[in-house]
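Biologist: Could you take me through one part of this model at close range, the hairpin and the strands around it? I would like one connected account that also says how far the prediction can be trusted.

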Amino acid sequence: MRILILTVAVAALFCTSQAKAAVFFDESFESTLTSSGWSTGSCNPTDPNWATNYSDGCNPARSTDIAHSGTHSLKGPYIGLDSGNWVDHTYTTTTEIYHRFWYRTHAFTYNNPGTKNFFVGDGVHYPNFWINHYAGSREFSVYTQLGSDTQAPCPGENHDCIYVPNTASVPINDDQWYCVEDHIKLNTPGVADGVVEMWVNGILTIQYTNRTIRSTTPDCNSCSSSNAAFNFERIFVQ
């Protein structure tokens, strides 16, 4: 069995520096998921009473097995290629997010082509972003779907891009807590001012600046949009 256990906060909470923006939500998992604003409808989307029947999720779900602080964490067994469930939390629409989560694995094997943990976007426009482990790596990467970045390592407009560690290497070992923080700033359309950054235990592992992440095209089908934004967080077990 492969297990992910985490606590999560979205916005500007840092392990090693002071906050840089308003906090959209800060989750300790001490209360039920649905009472804290999480949607667990992927557990059984046909159940009209999902908010009650799956108030603690299914996979991932609240657990008391181990916690970074307090008594609870979110735990997800990764069984097979695609375990397939998730929980969602919405927040105020923005074009820049700081995001922090505590992460711990046990007897974990990262999948190739990738193990998905987090999704951020607006659910309508591209690009969107995945915080994941690409190609079985024990290091975190930031995977962008249908962005418009033309600088290395990105292949160009309307293509996926994998922002891999480029400043330091911090592989994730089992049975150890890690503080993982990321910063994604969508560029002003037509201006190369986008940013993708990540820290693991306070060590800067990813830093790509002056990027053209969004295009200048407002609305399009399966292509990079100038209207792309962030308004929800999805925690995957996949």
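Modeller: Happy to. In this predicted model, the hairpin of E8 and E9 has six residues between its strands, and Gly123 there takes a positive phi near 75 degrees. Strand E8 covers residues 114-121, and its pairing with E9 is antiparallel, over six bridges. If you want a register mark to click on, Lys116 stands opposite Asn132 in E9.

Now follow the chain out of E9. Another hairpin comes next, that of E9 and E10, with six residues between the strands; here Ala135 has the positive phi, near 55 degrees. E9 and strand E10 (residues 141-147) run antiparallel and share five bridges. Trp130 is a handy marker for this pairing, as it stands opposite Tyr143 in E10.

With E8 on one flank and E10 on the other, how enclosed is E9 by the rest of the structure? Strand E9 spans residues 128-134, and six of its seven residues are buried, so the strand is largely enclosed by the rest of the structure.

E8 has a further partner, strand E15 (residues 230-237), which pairs with E8 in the antiparallel sense over four bridges. In that pairing, Phe118 has Ile235 of E15 as its bridge partner. Put together, these strands belong to an open sheet of seven, in the order E3-E6-E15-E8-E9-E10-E11, with antiparallel pairing. The edges are strand E3 (38-39) and strand E11 (159-163); each has a single partner strand, so one side of each lacks a neighbour in the sheet.

The side chains add to the picture. In soluble globular proteins, nonpolar side chains tend to be buried together. The largest nonpolar core here has 37 residues, and those touching the most other members are Phe129, Phe140, Val142, Tyr163, Met198 and Phe230. A second, separate core has five residues, including Phe119, Tyr143, Phe232 and Phe236. Val142 is worth a closer look: leaving aside residues up to four places away in sequence, Val142 touches Phe129, Trp130, Ile131, Cys161, Ile162, Tyr163, Ile184, Val196, Met198 and Ile206.

Stepping back to the whole chain, its secondary structure comes to one helix and 15 strands. Of its 238 residues, 53% are buried. Among contacts between residues at least 6 apart in sequence, 61% join residues at least 24 apart. The accessible surface comes to about 9,900 Å², and carbon and sulfur atoms account for 48% of that.

One more spot may appeal to a chemist: strand E5 (residues 73-78), where Lys75 lies. Lys75 is buried, with a relative accessible area of 18%, and a polar contact of 2.3 Å joins its side chain to that of Asp65. Pro77 is also in strand E5 and is buried, at a relative accessible area of 19%. Pro77 and Gln238 lie 161 residues apart in sequence, and their C-alpha atoms are 9.5 Å apart in space.

Finally, the matter of trust. The mean pLDDT of the chain is 88, and 90% of the residues reach 70 or more. Among the elements, strand E14 (residues 203-211) has the highest mean pLDDT, 98, and strand E1 (residues 2-10) the lowest, 50. Over residues 8-14 the pLDDT is below 50, and this stretch has 43 contacts in the model beyond near neighbours in sequence. Where pLDDT is low, the predicted coordinates should not be read in detail.

Definitions and conventions
Residues are numbered from 1 along each chain as its sequence is written. This is a predicted model: local features need pLDDT of at least 70, side-chain atom pairs count only at pLDDT 80 or more; totals for chains, interfaces and linings use all residues. Side-chain values use heavy atoms; hydrogens and water are left out. Helices (H or I, at least four residues) and strands (E, at least two) are DSSP runs, numbered from the N terminus. Buried means under 20% relative accessible area, exposed over 50%, partly exposed in between (1.4 Å probe, protein chains only). A polar contact is a pair of N or O atoms within 3.5 Å; within protein, one must be able to donate a hydrogen and the other to accept it, and residues adjacent in sequence count only if both atoms are side-chain atoms. A nonpolar core is a set of buried Ala, Val, Leu, Ile, Met, Phe, Trp, Tyr and Cys residues joined through side-chain atoms within 4.5 Å. Contact means heavy atoms within 4.5 Å. Accessible areas come from the Shrake-Rupley method with a 1.4 Å probe; for residues, only the protein chains shown count as cover. Two strands pair if DSSP finds at least two bridges between them. pLDDT is the predictor's confidence in each residue, from 0 to 100.
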